[in-house]
Amino acid sequence: MDDEGESSSTNSPSRPWESYNTVFTNAKAGMEGVDKEKVQRIVYEMSKGSKYFQNEERKEALMKQKIEHMRDRCAKLSSSDLSNYQKVVDRRILELEATRDLSRVWLHVDMDAFYAAVETLSNPSLKGKPMAVGGLSMISTANYEARKFGVRAAMPGFIARKLCPDLIFVPVDFPKYTHYSDLTRKVFRNYDPNFIAGSLDEAYLDITEVCRERGLSGGEIAEELRSSVHSETGGLTCSAGVAANRLLAKVCSDINKPNGQFVLQNDRSTVMTFISSLPIRKIGGIGKVTEHILKDALEIKTCGDMVLKGSLLYALFTQSSADFFLSVGLGLGKTDTPEVRSRKSISSERTFAATGDERLLYSKLAEIAEMLSDDMKKEGLMARTLTLKLKTATFEIRSRAVSLQRYTCSSEDILKHATKLLKAELPVSIRLIGLRMSQFNEEARHSDPSQGTITKFIVQKGSSRQNLDDNDSFDLDASKNCLGNDEMLSLSYASHETSYDQLKDVVEYEEQSVTPNQECKKKEDRTQVLEGDALLRKHKDCKADSSAEKTEAVSVLPQMEPLVWVDGYRCNLCGIELPPSFVEERQEHSDFHLAQRLQNEESGPSSSTTPTSKRRILGKEKANSKPKKQKPNQKDDSKHIPIYTFFTKSNQNS
């Protein structure tokens, strides 16, 4: 069982667990001596028949299809094709080598079993005992004593208890972890004020200037920093990696875990020797799917193989993906300090045992709304776009978004609108709820969200809202949800995707030659679509008056082209490329387009990039009205442009 890729292709029918390679069976630091076959068998037996198991089987089937298709395409490549692609590889190697920077010193620091270590620090009686933070439904992390049994983060607690009967569960305490994280960051700022926080328990530091000013090596600075973290936190340990770029530094920090460090010298030959034998899964961004495609279809197992088989990569993958693989094979990574970006969104989510109990779900929603509100107040943020994220018991991801009329950070406001979004999805069994607020007031400082737009007062002939997809559309039943004008703008976005490809993979390979029908099918399988639907405003009293003429409030808005991740990584609206592993960045990007759409609505209809017509809702009396006859002495204004065209049509400048 040393090679999971080989075992998956040669497993015996009597040993089905050998091909069941879930995230639980992948080794982490502290799991070197674990009996992998035993762990695989127990995970398989405990998961079989569950919703998770069924979802994993679907993902496994899709992955095998991708591998077979990749093999077929690889077999069709001629020697002439490979020769031409090798020329491309040789040219790209020269171009990439020209960007190699060995002048910087980067340090990646990673806290050791952070949550578990904090709990042990708070309760010394846990020291030396197998312990996990979480519960029977899910584990956030496990200490090194528990990892010896195969227990690890992201594993259901009931499976962990089967692997380790003496396992102790400790409930999650995020305020405590945040406190200790702040203590570590206080130390980091002494070495790099602009350090990059990867999460609560890891960070990247550019220590080039510190080394130069103090005349110390990267290893000496790392040793000093780790000692400072231990003292500042009262006993927490961390591991560190020092290298010429962030990619290599992160790999190095995992080598001597826990409570250790590894220094990779800033020398090209040393870097190439180190990277050439490194397994591809050690690289951040290469997840299970990409690993199996590279290993099973192309026999690429190490980073060095990426350079040796570069012609295949450029022939079968997109150029951006192939460039990434080649850069990894050459040991190249980011060396510059990223520009400080203003936060685009803030979120909070929690996973729990799947339940359809509506009272419990609303209780969870209230807790998350309170946490999100506290985080926003802590950072002084106010926002007006709320997104609800749900993961069902069948591991299907749903997200619903709504724009509020005013900026807020109030837990009451967040909960009020989140409740309406959740109510529209019930009844359903849910295992995760998340809330995200975006479009902060700093981003919309040029527009006033409380000011109405002229489009609200224009009534024109049009057709009613079209439901693009019965499963993906989001609508609120007027009889159940009576929204006042001061409560919510009549605009909502909905997205609905199935989480078959949520694994942290940096790429999805590109189909080089496909028919239009195949292209449509591929997009249905792999794209993430964000659809916009205009909702009708209702009167505050929501009372029907059959004796009087009824005129519904109007929303004259351009239809938004759906956001689609073309080839699994490129935004069809603006062309930006974000691999599937960049989950938060993709959420922020979707929120960006949502905020842009809302700002356009606030400032008046803007130019549309799509030829689709704008949707209008027509009052009944307007639909039945007859055009007025022109008086004989009245001047013909047909040559003049009606004023409404400036509000409903795209601007055209010659």
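In this predicted model, Asp 323 sits in helix H16, which covers residues 319-329. Its relative accessibility is 14%, and since buried means under 20%, Asp 323 falls in the buried class. Looking past the neighbours within four places in sequence, Asp 323 is in contact with Arg 92, Leu 96 and Tyr 314.

A little further along comes Thr 335, found in the loop between H16 and strand E9 (345-355). Thr 335 counts as buried too, because its relative accessibility is 16%. Its list of contacts, again with neighbours within four places in sequence left aside, takes in Asp 101, Arg 104 and Trp 106, along with Ala 244, Asn 245 and Arg 246.

Now for the overall picture. The protein is built with 22 helices and 16 strands. It has 654 residues, and 49% of them count as buried. Among contacts between residues at least 6 apart in sequence, 71% join residues at least 24 apart. As for the outside, the protein exposes about 32800 Å², with carbon and sulfur atoms supplying 50% of that area.

Helix H13 (residues 288-298) is a good place to look at burial. Eleven of its eleven residues are buried, so the helix is largely enclosed by the rest of the structure. The buried set of H13 includes charged-residue names such as Lys 288, Glu 291, Lys 295 and Asp 296. Also in that buried set are Val 289, Thr 290, His 292, Ile 293, Leu 294, Ala 297 and Leu 298.

Things change just after H13, where Glu 299 takes a positive phi of about 55°, although Glu 299 is not a glycine. Most residues other than glycine have a negative phi. Glu 299 belongs to the loop between H13 and H14. With a relative accessible area of 56%, Glu 299 is exposed.

Glu 299 also turns up in the surroundings of Asp 305: not counting residues up to four places away in sequence, Asp 305 touches Glu 299 and Ile 300. Asp 305 has its place in helix H14 (residues 303-308). At 19% relative accessibility, Asp 305 counts as buried, the cut-off being under 20%. Asp 305 and Gly 329 are 24 residues apart along the chain, and their C-alpha atoms are separated by 7.4 Å.

Next, some helix packing. Two packed helices are described by the angle between their axes and the distance between the axes. Helix H8 (residues 174-189) packs with helix H10 (residues 218-233) at an angle of about 140°, and the axes are 9 Å apart. That angle makes H8 oblique to H10, and the crossing of the pair is right-handed. On the H8 side, the contact is made by Tyr 180, Leu 183, Thr 184, Lys 186, Val 187 and Phe 188, while H10 brings in Leu 225, Ser 228, Val 229, Glu 232 and Thr 233. Sorted by class, the residues of this contact between H8 and H10 come to six nonpolar, three polar and two charged.

The other pair to look at is helix H11 (residues 246-253) with helix H12 (residues 268-276), whose axes come within 12 Å and cross at roughly 55°. That makes H11 oblique to H12; here the crossing is left-handed. Leu 248, Val 251 and Cys 252 make the contact from H11, and Val 271, Phe 274 and Ile 275 make it from H12. The class count for H11 with H12 is six nonpolar, no polar and no charged residues.

Finally, a few backbone details. Most peptide bonds are trans. The bond from Lys 257 to Pro 258, however, is cis, with omega near -10°. Pro 258 lies in the loop between H11 and strand E8 (261-263). The bond from Leu 426 to Pro 427 is cis as well, with omega near 0°, and Pro 427 has its place in the loop between helix H18 (411-423) and strand E12 (430-440). Then there is Ala 154, not a glycine, yet with a positive phi of about 70°. Ala 154 is placed in the loop between helix H6 (144-147) and helix H7 (157-163). Its relative accessibility of 34% means that Ala 154 counts as partly exposed.

Methods: Residues numbered from 1 in each chain as written. Predicted model: local features only at pLDDT ≥ 70, side-chain atom pairs only at ≥ 80, totals over all residues. Heavy atoms only, no water. Helix = DSSP H or I, 4+ residues; strand = E, 2+ residues; numbered from the N terminus. Buried < 20%, exposed > 50% of the residue type's maximum accessible area, 1.4 Å probe, protein only. Contact = heavy atoms within 4.5 Å. Areas by Shrake-Rupley, 256 points an atom, 1.4 Å probe, with all protein chains shown as cover. Axes fitted to C-alpha atoms, helices over the stretch in contact; angles between N-to-C directions. Parallel < 35°, antiparallel > 145°, perpendicular 65-115°, else oblique. Left-handed = near helix turned anticlockwise from the far one by under 90°.
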